[in-house]
Amino acid sequence: MRFRGLAFSFITTLTAKVTALAFECTECAISRALPPESGAKVNYVRHVLLNGSFTGSENDTFNPGTYTGLPSLCAVSVNVPSSATTSFNFGVFMPDGWNGRIITTGNGGFGGGINWADMAAFSHYGMASMSTDTGHISFAVDGSWGLNQPEKITDWGYRAMHGSLVLAKELVKSYYASNISYSYYASCSTGGRQGLKEIQLHPDSFDGIAVGAPAWQYPNLPASTLKQGLYNLPAEAHHHIPPQLFPTIAAEVNRQCDPQDGLRDGIVSEPFSCNFRYEELLCKPGASSNCLSPEQLDTAYQFYHDFVDVNQTFVFPGLTLGTDASALVASPSELGIDFFRYWVHSDPNWDPSTFTYADIELARRINPGNASADDYDLTPYRSNGGRILMYHGLADGIIPTKSSLYFYNHVHRALLQKGLSSIDDFFRLFLIPGMNHCSGSPNAPWYVGGGSQAVTGASHSVPGFEDPQHDIILAMIRWVEEGVAPDEIIATKYKGDNVAQGVELQRPLCPYPLQARYTGSGNESDPSSWRCKSLY
């Protein structure tokens, strides 16, 4: 609570209000604000009263939800043609008490649909907020919509995001009769990829981005996802690890890797410094339960090690020690299958068990949607004054944590060739011990108020700690607008992930390659008992 004074002054500045609007929140007025040459048409316009609610339409989100307790705002949905046969939609929330900023959020997996949930949270900061449906409506794990639809896949890959952002900015400027002071982005997973892709193609789109667990590399990521699902098949094979042995693997990983941060607490904080000995999982003579056979041990080893294929070609990082072994499910994920089945082979009957490195090579030639955000030379974005905050859960079972390390290190390589010895002046990566994909942990502090994160009872930010030290959105804004880079971000774990039950524990997250270490004394749940230290 020692940051209350800072929190109050920062939030007060953040939510300074614009009192005059250029025109009313009506369909007629909004339509006139859209550039005629764009072909954009308004789907609907709704004015939400203070503490009111909003429900999206089935035409712009796959699972319409109702968002309550909103600030007074204008909600707009717009349709934009993207080719002769395709179009995309985007949504904008424009608060009556606008502070001159706009924030964009993204999507998840192959999913299509406007992300009203994150937009609702971000509207409480006084910013206008925007999201695109990427040109289709679907759940995150459904890629079947892309069958023989290259234009739709291009919309998903990058086109819908940029087209939506350009028009949303024009709409916001017209609505308030004012220029936008700062443009931000916050999202996770595919949303993380969308943010990185946008700044690589258009360095002036965002002044700062906060991206979590970005799905930045195609086709290598879906290839790895598919391969992981094949490691433990068929179920009747000697190498198959049944679900009842997953807790055994987790317990041994915790036993060997938990103490590295100076405290044994059930949270693996330093998996990369753990010299894990897999052979401790082997069945001893006479034992046959709660242990692994040599064949099963090979499966576990593959799971946690990099995917390397023909001629020792690196494909994608393996999962991190401390990640739940239950990711070794009995069947591959649709995130891998659908990419190759519908987008690469264009064959609904394609059998994933036939997957080989040749499929990866074919995918690279086809390059569905040009989706990869793999231009490591971020000099244009840095030169434009842009800032990047990236974060990734160390227990992510969907996108391996090491993929963010790979991206960060390759950006460092690229900029080193441009004469920079460090990239910390514009790019910082925070690893979150115990956090799963984008959010959630049974026992570790994970909540930083990022995109796709939510806890019961929080409309936005980090209740009780609404300041840049605890809230990654506010940390991003302060870095961009005040030049104060975050040397740590304190993650919070509420009891039962419910604000009303109070804080269970908090710990500092450190910019890579630093790691939080327990000082050896003091309350382990108090962030002041931890220090950011180098592992090298």
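# Helices, rings and hollows in a predicted model

Modeller: Both Y408 and Y512 are buried, and this structure is a predicted model.

Biologist: How many aromatic pairs does a search of the whole structure find?

Modeller: A pair of aromatic rings is described by the distance of the centres and the angle of the planes. When the whole structure is searched for such pairs, the number found is 34.

Biologist: What kind of aromatic pair do W216 and Y406 form?

Modeller: The ring centres of W216 and Y406 are 5.9 Å apart, and their planes make an angle of 20 degrees. Planes under 30 degrees apart count as stacked, so the aromatic pair of W216 and Y406 is stacked.

Biologist: How many residues apart in sequence are the parts that W216 and Y406 tie together?

Modeller: W216 belongs to the loop between β9 (208-212) and α6, whereas Y406 belongs to helix α12. Because the two rings sit in these two places, the pair joins parts of the chain whose separation in sequence is 190 residues.

Biologist: Is W216 buried or exposed?

Modeller: A residue is called buried when its relative accessible area is under 20%. The partner ring, Y406, has a relative accessibility of 25% and therefore counts as partly exposed. W216 has a relative accessible area of 1%, so W216 is buried.

Biologist: What is the angle between the planes of Y408 and Y512?

Modeller: Y408 and Y512 form an aromatic pair whose centres are 5.6 Å apart. Planes over 60 degrees apart count as edge-to-face, and the pair of Y408 and Y512 is of this kind, with an angle of 90 degrees.

Biologist: Where does Y512 lie?

Modeller: Y408 lies in helix α12, and the pair ties together parts that are 104 residues apart in sequence. The other end of this tie, Y512, is in the loop between β15 (503-509) and β16 (514-518).

Biologist: What span should the 15 residues of helix α12 have?

Modeller: The expected span is 1.5 Å times one less than the number of residues, and helix α12 covers residues 402-416. The C-alpha atoms at the ends of α12 are 21 Å apart, which agrees with the expected span of 21 Å.

Biologist: Which elements do the buried residues of α12 pack against?

Modeller: An α-helix has 3.6 residues a turn, so residues three or four places apart point the same way. In α12 the buried residues include S404, L405, Y408, V411 and L415. The buried residues of this helix pack against α5, β11 (313-316), α11 (379-383), β12 (387-393) and β13 (427-432).

Biologist: Which element gives the most to the lining of the largest cavity?

Modeller: There are 2 cavities of 30 Å³ or more, and the largest has a volume of about 50 Å³. Its lining includes W156, Y158, Q194 and E198, and by class it has 4 nonpolar, 2 polar and 3 charged residues. At least two lining residues come from each of α4 (150-176) and α5 (190-201). With 5 residues, the element that gives the most is α4.

Biologist: How many residues does α6 give to the lining of the second largest cavity?

Modeller: The second largest cavity has a volume of about 40 Å³, and among the residues that line this cavity are S224, Y231, F303 and P317. Two or more of its lining residues come from each of α6 (220-231) and α8 (294-304). The most is given by α6, and the number is 4.

Biologist: Which residues are the closest to the centre of the largest pocket?

Modeller: The largest pocket has a volume of about 730 Å³. Two or more lining residues come from each of α3 (116-123) and α6, and the lining as a whole has 18 nonpolar, 15 polar and 1 charged residues. Of the 34 residues that line this pocket, the closest to its centre are N107, G108, G109, A140 and S452.

Biologist: Is G286 buried or exposed?

Modeller: G286 is placed in the loop between α7 and α8, and its C-alpha atom is 66 Å from that of S77. Exposed means over 50% relative accessible area; the value for G286 is 87%, so G286 is exposed.

Definitions and conventions: Residues numbered from 1 in each chain as written. Predicted model: local features only at pLDDT ≥ 70, side-chain atom pairs only at ≥ 80, totals over all residues. Heavy atoms only, no water. 1 Å grid on protein atoms, 1.4 Å probe; cavity = no way out; pocket = protein on both sides within 12 Å on 5 of 7 lines; lining within 4 Å. Points joined across faces, edges and corners; volume = space filled by probe spheres on them. Nonpolar A, V, L, I, M, F, W, Y, C, P; charged D, E, K, R; others polar. Buried < 20%, exposed > 50% of the residue type's maximum accessible area, 1.4 Å probe, protein only. Contact = heavy atoms within 4.5 Å. Phe/Tyr/Trp six-rings, centres within 6.5 Å; stacked < 30°, edge-to-face > 60°.
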